[in-house]
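Trainee: I have just opened this one and don't know my way around yet. Could you walk me through it, a bit at a time?

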Amino acid sequence: VESVNGKKVSSLDRALAKVCELCPVCLNARYHQEGVVYNFVKNVEQDICPFCNAYERFHGKKAHEKRGN
């Protein structure tokens, strides 16, 4: 499976990234870009959350970064 950024990723990564895309906590962080939820996602994503890690591998962006161009 090819990711958005053109790299090869597994179907498991794709499924895990989809969970992050729909996660209300991550959605809030991506939309608002500030506050407690944003700081939580920014500090927790790399070390703890497998969904956020998969999101980064699939999209080439951190889970807290705004989507789009």
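Trainee: Where is Lys42 located?
Mentor: Lys42 is part of helix α3, and please keep in mind throughout that we are looking at a predicted model.

Trainee: Buried, exposed or partly exposed, that lysine?
Mentor: Lys42 counts as partly exposed, because its relative accessibility is 42%.

Trainee: And how far is Lys42 from Arg30?
Mentor: The two are 12 residues apart along the chain, and their C-alpha atoms are separated by 10.0 Å.

Trainee: OK, Arg30 then. Which helix is that in, and is it buried or exposed?
Mentor: Arg30 belongs to helix α2, and with a relative accessibility of 5% it counts as buried.

Trainee: What does Arg30 touch?
Mentor: Once neighbours within four places in sequence are left aside, Arg30 is in contact with Cys20, Glu21, Tyr55, Ala63, His64, Glu65, Lys66 and Arg67. With Glu21 there is also a polar contact, in which the side chain of Arg30 reaches the backbone oxygen of Glu21 at 3.3 Å.

Trainee: How far apart are Arg30 and Lys66, in sequence and in space?
Mentor: In sequence they are 36 residues apart, while from C-alpha to C-alpha the separation in space is 4.8 Å. Lys66 also lies over the face of Tyr31, at 5.6 Å from the ring centre.

Trainee: Since we're on rings, how many aromatic pairs are there?
Mentor: The structure holds zero aromatic pairs.

Trainee: His64 was on the Arg30 list. Where is it, and is it buried or exposed?
Mentor: His64 lies in the segment after α4, and at 9% relative accessibility it counts as buried. Apart from neighbours within four places in sequence, His64 is in contact with Ala29, Arg30, Gln33, Tyr38, Val41, Lys42 and Glu45, so the list brings us back to Lys42, the residue we started from.

Trainee: What about Gln33, where does that sit?
Mentor: Gln33 is in the loop between α2 and α3, and it is partly exposed, with a relative accessible area of 28%. Its backbone deserves a look as well, since Gln33 has a positive phi of about 60° although it is not a glycine.

Trainee: Why point that out?
Mentor: Because most residues other than glycine have a negative phi.

Trainee: Switching topic: which residues make up the largest nonpolar core?
Mentor: That core has nine residues, namely Cys20, Cys26, Ala29, Tyr38, Val41, Cys49, Cys52, Tyr55 and Ala63. Helices α2, α3 and α4 each supply at least two residues of this core. There is also a second, separate core of five residues, including Leu16, Ala17, Ala54 and Phe58.

Trainee: Why would residues like that gather?
Mentor: As a general tendency in soluble globular proteins, nonpolar side chains tend to be buried together.

Trainee: Take Val41 from that core. What does it touch?
Mentor: If residues up to four places away in sequence are not counted, Val41 touches Val25, Cys26, Ala29, Ala63 and His64.

Trainee: Now Asp13. Where is that, and is it buried or exposed?
Mentor: Asp13 is found in helix α1, which covers residues 11–22, and it counts as buried because its relative accessibility is 12%.

Trainee: What does its side chain make a polar contact with?
Mentor: The side chain of Asp13 makes a polar contact with the side chain of Arg57, at 2.6 Å. Leaving out residues up to four places away in sequence, Asp13 touches Ala54 and Arg57, and Ala54 is one of the residues of the second core.

Trainee: Last topic, the chain as a whole. How many helices and strands?
Mentor: The chain comes to four helices and zero strands. Its radius of gyration is 11 Å, close to the 11 Å that the globule rule gives for 69 residues, so the chain is as compact as a globular protein of that length. Along its principal axes the C-alpha trace spans about 35 × 25 × 15 Å.

Trainee: And how much of it is buried?
Mentor: Buried residues make up 33% of the 69 residues. As for contacts between residues at least 6 apart in sequence, 53% of them join residues at least 24 apart.

Terms used:
Residues are numbered from 1 along each chain as its sequence is written. This is a predicted model: local features need pLDDT of at least 70, side-chain atom pairs count only at pLDDT 80 or more; totals for chains, interfaces and linings use all residues. Side-chain values use heavy atoms; hydrogens and water are left out. Rings of Phe, Tyr and Trp (its six-membered ring) pair if their centres lie within 6.5 Å; planes under 30 degrees apart count as stacked, over 60 as edge-to-face and the rest as tilted. A charge sits over a ring if NZ of Lys or CZ of Arg is within 6 Å of the ring centre and within 35 degrees of the ring normal. Buried means under 20% relative accessible area, exposed over 50%, partly exposed in between (1.4 Å probe, protein chains only). A polar contact is a pair of N or O atoms within 3.5 Å; within protein, one must be able to donate a hydrogen and the other to accept it, and residues adjacent in sequence count only if both atoms are side-chain atoms. Contact means heavy atoms within 4.5 Å. A nonpolar core is a set of buried Ala, Val, Leu, Ile, Met, Phe, Trp, Tyr and Cys residues joined through side-chain atoms within 4.5 Å. The radius of gyration is taken over C-alpha atoms; the globule rule is 2.2 Å times the number of residues to the power 0.38.
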